[in-house]
Amino acid sequence: MYENSKCVSYNGKKDFDPREEGLMFDFETPPGIEELMKAKIAHDIEVREREEAKLQEKKEKVVVRKRKMPTPTSIKKYWEGKFRFIEDYGWKELPTNACWRCGTECKPDRAHIWARWCMETYTDKTDKEIDDVSNLHLLCSSCHEYSENYHGWAPGLAYYEWFYSLREPLSLNPRLPQVYRENRFFGIRFGNELIKRAKIDTSEDREPTKEEEKRVIEEGRKIIDDGHKTGNTILCKKDYEGYLKSEYKEDVLLEGVIF
């Protein structure tokens, strides 16, 4: 069986036989046969364990946590009468077949004001609390995606200011993409706030330096990160603190703000 098993050379040795050097078993001898049997038994056990594991996986049902989200109708019922602009779109009441932010007719998403992933990461709120109607608006997919980094429903907070930011009629600028058209005024305001916080001199018409650009990016990251953690992305601190005072609360509560 091993007549042709010799190597040409090994460590300078010619006609090297690995069996003679103890580097492999001679399976024609009792020790070799015993080792071969051990290997076969171990292999059979491993194969059997793998097959049993596969069968167990098939038997076990994967439990998927089902979220019981409020219906669009229940969300509409909570927010009815709390917005200041619905007549802009010719609405007599809030729709469930259009985006509340841009007015696009669609099957809207049930979008969280304080993003769900942020609440799961930074709070101990339950699913019921996270998915409460007071934390949900009906938005088209574009507005939903744009709003993910902005949170907070009160004057001076980024989501609130974005939601109420100036809308540009399509008839005045028909070539602008919808997302850009709906959000560019808020984007300009947000950018101006970052420039102010980064303490950049805008009295001269010039390009910002690399250091100034870095400061703007850092300020933006700070605003976004703080908002993720607290649910209040503070865009205008003065407005926000003013509306937190008792004399303003009645007006704010009419818009569904919860303190």
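**Exercise 1.** Find what joins Arg116 and Asp127, and place both residues in the chain.

*Solution.* Arg116 and Asp127 form a salt bridge, with their closest N and O atoms 2.7 Å apart. The term salt bridge stands for a side-chain nitrogen of Lys or Arg within 4 Å of a carboxyl oxygen of Asp or Glu. The model is predicted: local features need pLDDT of at least 70, side-chain atom pairs count only at pLDDT 80 or more, and totals for chains, interfaces and linings use all residues. Residues are numbered from 1 along each chain as its sequence is written, and side-chain values use heavy atoms, with hydrogens and water left out.

Next, place the partners. Arg116 is in helix H3 (residues 116-122) and Asp127 in helix H4 (residues 127-130), so the salt bridge ties together parts 11 residues apart in sequence. Helices (H or I, at least four residues) and strands (E, at least two) are DSSP runs, numbered from the N terminus.

Then check exposure. Buried means under 20% relative accessible area, exposed over 50%, and partly exposed in between (1.4 Å probe, protein chains only). Arg116, with a relative accessible area of 10%, is buried; Asp127, with 24%, is partly exposed.

**Exercise 2.** Describe the salt bridge between Lys222 and Glu219.

*Solution.* The N to O distance is 3.6 Å. Both residues lie in helix H8, three residues apart, which is about one turn of the helix. An α-helix has 3.6 residues a turn, so residues three or four places apart point the same way. Lys222 is partly exposed at 45% relative accessibility, while Glu219 is buried at 16%. Elsewhere, salt bridges with shared partners join Arg116, Glu120, Asp127 and Asp131 into one network. The count of salt bridges comes to 11.

**Exercise 3.** Test whether the length of helix H8 (residues 210-230) agrees with its number of residues.

*Solution.* The expected span is 1.5 Å times one less than the number of residues. Helix H8 has 21 residues, so it should span 30 Å. Its end C-alpha atoms are 30 Å apart, which agrees. Just after H8, Gly231 takes a positive phi of about 85 degrees.

**Exercise 4.** Classify the ring pair Trp153 and Phe163.

*Solution.* Rings of Phe, Tyr and Trp (its six-membered ring) pair if their centres lie within 6.5 Å; planes under 30 degrees apart are stacked, over 60 edge-to-face, and the rest tilted. The whole structure has 21 aromatic pairs. Tyr150 and Phe190 are one edge-to-face pair, at 5.4 Å centre to centre and 65 degrees between the planes. For Trp153 and Phe163 the centres are 5.3 Å apart and the planes at 80 degrees, so this pair is edge-to-face. Trp153 is buried, with a relative accessible area of 8%, and Phe163 is buried, with 0%.

Trp153 and Phe163 are also among the residues with the most contacts inside the largest nonpolar core, which has 34 residues. Such a core is a set of buried Ala, Val, Leu, Ile, Met, Phe, Trp, Tyr and Cys residues joined through side-chain atoms within 4.5 Å. Its largest share, five residues, comes from H6.

**Exercise 5.** Decide how many disulfides there are.

*Solution.* A disulfide is a pair of cysteine sulfur atoms within 2.5 Å. The sulfur of Cys106 has its closest cysteine sulfur in Cys140, at 5.5 Å, too far for a bond. For Cys140 the closest is in Cys143, at 3.6 Å, also too far for a bond. The count comes to zero disulfides.
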